[in-house]
Amino acid sequence: MEKKKQYNGLDIMKVIMAVLVAARHMIQLFYPAESKWRLVIGAWLSNLAVPVFFITAGFFLFNKVDRNKKEESKRALFKYGTRILNLYVIWSVIYLPIDYINWKNGPEKDIQATVLNYIKSFFFCSTTVQLWYLPALLTACLLVAAAYMAGVRISYLLIAGALLFAAGCIGDNWYFNQQLPMGLQQALHVYAQYFMTMRNGIFYGFFFVAIGLWFSKSQRNIPFVPAMAGSGIFLACMLCEVLRCSNTNMVFMSAPAAFFLFAAASSVNLKNRKLYPRLRMTSEWIYLSHVYFFHFYGWVRRWNPLPATKKGITISILGPMILFSWCMACLSEKKAGRWLKKLV
């Protein structure tokens, strides 16, 4: 039996990207408006994370999906879709106490309006800041898979995805959308009233999942050094775009930067060790659980011996978060902790 290939470089990259996402949300909440880290992490480097996650998810999914093996592919898609949906429901329930606290301390006291807004958020965005990725991933994977299984060429999917991503970047950022004709601005306003955001599986995830599909089916491998060079060039372009256009969520240049970064990480050949699957699991725990550590910090701040400086806040939040996520990954390897794998 052929041994399954392990992409250990991707496991290292995923944990770095997960920490960047957690740091982004922490900086948005706790750092002063003038902090340089709001630019460096919050608007620049962290915007690599979600594109990389989408590409990675698409790559591994379409390694199991082949349009020439329809029944086997349908089972793989159903299993994957069910897993993502279960994760979204489980973590939405896990965050219910936080949702209740936010509602209790917020200005909106009308229960009916709160429930309706919660339902709308659940279906079209998410109820917690980072969970939007799960329904977006599910939507993107199903759309790309349906088109691929129907025989659509991968190049056409990439073109369609690029156009959707461009529309999302324009619609999500005031720098661009304020320059649109008034009719399009009004259409965007109507869209936002019903669908809340363009950071979803259609305008964001579709393109990057299609890139993952391309990587899984293409025989072309980009060597590590050229791939890292390409990533570095487009990272610099990302910074210029962020400085000029004030993007904070969807950045045009994140697409080529993420493409080359994934290519570089997937080309790394490292000896298989238990460390790498553990890092992969750690990255998932970090991404899904990190918002709780913001609240934990607030609850115990009065007893925290560290000063409430940027460094003190960062250590107080990211330190316990990484330790907790590592422990969960280690525990899930034990027989008694295998059920923890259902949470990531």
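Let me begin with the cysteines: the sulfur of Cys245 has its closest cysteine sulfur in Cys240, at 10 Å, which is too far for a bond. Please keep in mind throughout that this is a predicted model. Is Cys245 buried or exposed? With a relative accessible area of 8%, Cys245 is buried, because the term applies under 20%.

Cys327 is the other case I would like to show, and there the closest cysteine sulfur, that of Cys330, lies 6.4 Å away, again too far for a bond, since a disulfide requires the two sulfur atoms to be within 2.5 Å. Cys327 is partly exposed, its relative accessible area being 33%. For the structure as a whole, the number of disulfides is zero.

Let me now turn to the surface, where Ile111, Val115, Leu116, Ile119, Phe123, Phe124, Val190, Tyr194, Phe195 and Met196 make a nonpolar patch of about 970 Å². Which elements give two or more residues to this patch? They are α6, which runs over 111–124, and α10, which runs over 182–195. Of the elements involved, α6 gives the most, contributing six residues to the nonpolar patch.

As a single example from the patch, I would take Phe123, a residue found in helix α6. Why does Phe123 count as exposed? Its relative accessibility is 59%, and the word exposed is used for values over 50%, so Phe123 falls into that class.

To put the two topics side by side, then, we have a structure that holds zero disulfides, and a nonpolar surface patch of about 970 Å² to which α6 gives the most residues.

How values were computed
Residues are numbered from 1 along each chain as its sequence is written. This is a predicted model: local features need pLDDT of at least 70, side-chain atom pairs count only at pLDDT 80 or more; totals for chains, interfaces and linings use all residues. Side-chain values use heavy atoms; hydrogens and water are left out. Patches are made of residues with over 30% relative accessible area and no salt bridge: like charges are joined within 9 Å, nonpolar side chains (Val, Leu, Ile, Met, Phe, Trp, Tyr) within 5 Å. Accessible areas come from the Shrake-Rupley method with a 1.4 Å probe; for residues, only the protein chains shown count as cover. A salt bridge is a side-chain nitrogen of Lys or Arg within 4 Å of a carboxyl oxygen of Asp or Glu. Helices (H or I, at least four residues) and strands (E, at least two) are DSSP runs, numbered from the N terminus. Buried means under 20% relative accessible area, exposed over 50%, partly exposed in between (1.4 Å probe, protein chains only).
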